[in-house]
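Reader: Could you take me through the salt bridges in this one? I'd like a close look at who pairs with whom, and how covered the partners are.

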Amino acid sequence: MPPTRIVIVDDHPMVAEGIQSILESYDDILVVGVLTNGKDAVSQVETLAPDVMLLDLNMPGVSGLNATEMILEKRPETKIVILSMHDSPEYIATALRHGAVGYILKDVPTEEIHTAITKVMAGGEYLCTGARGSLEPNTADGRETLTSREQTILLELAQGKSNKDVAQTLDISVRTVETHRQNIKRKLGISSTAGLTRYALEHGVLQGTGQI
């Protein structure tokens, strides 16, 4: 069988180069591209025709979440595996709902990336141990679940973006963003924007610089 075509997308060159070096040691893997942002991932997916795209979640310009949706619209057969430093349920659940079939933490053993590629190429879904643990059901607080779109907007707002910025990024109206923002506050039992930001920090949506 021909080798699995891989594209790596990460705005940290050392991370991307490290993953590339690891994967190129396998005979059944062919790295056909290393990109640094979501915009290039979307624009080049048809040209590079990857079987699997390893995609960082938080990058400048087009975020990994938005890139996932746009990539799958252009080339549905490409399988998206998210690479992240965070095991927050908000990140993981949102990524899967946007169409990703895998989620790997960046500190996993190197061979696990190859395992994930093999699993998704066989038609399965792959979550590393840390990611699976984070998705264990927890309904003790009785909070209403956020929709996929609400989780996307929470991630955008957690990066300090204004309603206008979020509207432009997601190609929706400012009024729609504000409506979602109010629904998020209601569901999480939060009354202020400061409280929303604090929630994001405490639950791993935004940590430190907000970079993944």
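Author: Let's start with Arg-75, which counts as buried at 14% relative accessibility. Its salt-bridge partner is Glu-77, and the closest N and O atoms of the two are 3.7 Å apart. Bear in mind that this is a predicted model. In total the structure holds four salt bridges.

Next up is Lys-106, which pairs with Asp-56, with 3.6 Å between the closest N and O atoms. This pair links distant parts of the chain: Lys-106 sits in the loop between strand 5 (102–105) and helix 5 (110–121), while Asp-56 belongs to strand 3 (residues 52–56), 50 residues apart. How covered are the two? Asp-56 counts as buried because its relative accessibility is 0%, under the 20% cut-off. Lys-106 has 25%, so it counts as partly exposed. There's also a third member here, as Asp-10 joins Asp-56 and Lys-106 in a network of salt bridges.

Then there's Glu-156, whose salt bridge goes to Lys-161, with the closest N and O atoms 2.6 Å apart. Glu-156 is buried, at a relative accessible area of 2%.

For the wider setting, the protein has 10 helices and six strands, and buried residues make up 48% of its 212 residues. Of the contacts between residues at least 6 apart in sequence, 66% join residues at least 24 apart. As for the surface, the protein exposes about 10,200 Å², with carbon and sulfur atoms supplying 51% of that.

Key
Residues numbered from 1 in each chain as written. Predicted model: local features only at pLDDT ≥ 70, side-chain atom pairs only at ≥ 80, totals over all residues. Heavy atoms only, no water. Helix = DSSP H or I, 4+ residues; strand = E, 2+ residues; numbered from the N terminus. Buried < 20%, exposed > 50% of the residue type's maximum accessible area, 1.4 Å probe, protein only. Contact = heavy atoms within 4.5 Å. Areas by Shrake-Rupley, 256 points an atom, 1.4 Å probe, with all protein chains shown as cover. Salt bridge = Lys/Arg side-chain N within 4 Å of Asp/Glu carboxyl O.
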